[in-house]
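Q: I'm new to this structure, so please take me slowly through one part: the strand pairing, and the packing that goes with it.

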Amino acid sequence: MTVSEKIGAIGVVPVIKFDSVEHAVPLAKALVDGGIPCAEVTFRTAHAKEAMRLMKEAYPQLVVGAGTVTTTAQVDDALEVGAEFLVSPGLNPNIVKYAQSKGVPMYPGVANASDIEAALELGLTDVKFFPAEVNGGLNAIKNLAAPYVNMRFMPTGGINEKNIGEYLKYDKIIACGGTFMVPQNLLDEGKFDEIALLCKKAITAAFGIKLKHVGINAQNVDEARGIAQEFSKPFMCGTREGNTSCFAGDYVEVMKEPYYGANGHIGIGVNNVKRAKAYYDLMGYEFHPESIKEKDGKMVTAYFKDEIGGFAYHLVQN
């Protein structure tokens with residue numbers, strides 16, 4: 001995977017300001033433990049360079065980038081300590097060209113059509129959209145993306161747990177930057193367990209992760225119909241039958257013959273199966289290739305190779 005592909009797979013880029021380098025390594029651990037192996041360390045304080053070095057040395061799998069890059073000297077400082085991408089609040093052609101000469105991906109900030117045309121002139125197709133919510137949010141991005149069909153965006157500014165899922169449903173969004181998963185007060189107070197939990201919540205919100213249904217393996221069609229009917233009684237719901245299974249409401253699926261999982265399976269609902277699968281691929285999970293199904297050109301389901309408690313589990317479209 002390229003750096004841009006990794007960022008796109010993670011979908012969430014924590015934007016971090018360090019007031020003390022002593023927090024760098026424990027924060028890196030919290031990010032990895034929380035399922036967000038990525039960090040944009042801003043050059044808003046003098047600790048940025050050393051913090052990036054410490055984070056990358058302690059956790060090589062962490063995708064570390066430098067933010068608020070406004071000088072060529074900062075480009076050099078970031079690359080010296082292993083930064084893998086650069087982000088700037090605006091678009092300075094000289095800085096972008098210098099970064100390009102160093103072979104490092106850079107996401108300069110844009111806010112309007114003129115900025116985008118300047119980015120295209122520099123050969124860029126991936127940019128930061130900043131400040132996102134102030135400049136119209138997702139609707140503005142969609143309007144800008146219409147005439148600039150090859151441009152992709154990394155919105156930052158006003159992104160939070162409530163709106164990140166909607167942003168990431170749009171296929172022109174690479175990832176979303178934000179501070180809500182690493183609040184400055186928790187970082188300054190060294191509450192890294194709480195940050196790790198917020199990271200997990202951020203991933204859940206970003207991908208729309210939820211329990212979609214529980215699957216039960218029946219031995220034949222008649223047994224599947226009978227089990228679905230029995231479950232429909234306490235759930236006070238109807239049943240419906242498909243080609244391979246019977247459903248009781250939306251939450252209990254009974255397979256007409258044994259399928260994945262010794263006991264059955266768990267359906268994990270996500271907003272975009274392809275995007276979620278890319279995330280889990282990056283996190284080291286494996287999938288049954290033959291289980292990956294598409295409909296109308298979109299990935300709609302994919303089974304993980306592992307089982308948990310005798311249950312297979314799979315991604316499915318929300």
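A: Two strands count as paired when DSSP finds at least two bridges between them. Strands (E, at least two residues) and helices (H or I, at least four) are DSSP runs, numbered from the N terminus. This is a predicted model, where local features need pLDDT of at least 70 and side-chain atom pairs count only at pLDDT 80 or more, while totals for chains, interfaces and linings use all residues. Residues are numbered from 1 along each chain as its sequence is written, and side-chain values use heavy atoms, with hydrogens and water left out.

Now for the sheet itself. It's an open one with three strands, running S6-S7-S8 with parallel pairing. S6 (109-110) and S8 (152-155) sit at the edges with a single partner strand each, so one side of each has no neighbour in the sheet. Look at S7 (residues 126-129) next: four bridges join it to S8 in the parallel sense. Across that pairing, Phe129 stands opposite Pro155 in S8.

Phe129 turns up again when you look at Phe153. Contact here means heavy atoms within 4.5 Å. Skipping neighbours within four places in sequence, Phe153 touches a long list of residues, including Val110, Val127, Phe129, Ile141, Leu144 and Ile174.

Phe153 also belongs to a nonpolar core, meaning a set of buried Ala, Val, Leu, Ile, Met, Phe, Trp, Tyr and Cys residues joined through side-chain atoms within 4.5 Å. Buried is under 20% relative accessible area, exposed is over 50%, and partly exposed is in between, using a 1.4 Å probe and protein chains only. The largest such core has 93 residues, and Ile7, Met55 and Phe153 touch the most other members. Helix H10 gives the most to this core, with nine residues. Apart from it lies another core, of eight residues, with Ile227, Ala228, Cys246 and Ala248 among them.

H10 (192-207) has another job in the packing: along with strand S1 (12-16), strand S2 (38-42) and others, it helps cover the buried residues of H2. In H2 (residues 24-33), those buried residues are Ala24, Leu27, Ala28, Ala30, Leu31 and Val32. After H2 comes Gly35, with a positive phi near 85°.

Back at the second core, Cys246 is buried because its relative accessibility is 3%. Ala248 is in contact with Ser232, which also touches Cys237, Gly238 and Thr239, leaving aside neighbours within four places in sequence. Ser232 sits in helix H11 (residues 221-235), and its 9% relative accessibility means it counts as buried too.
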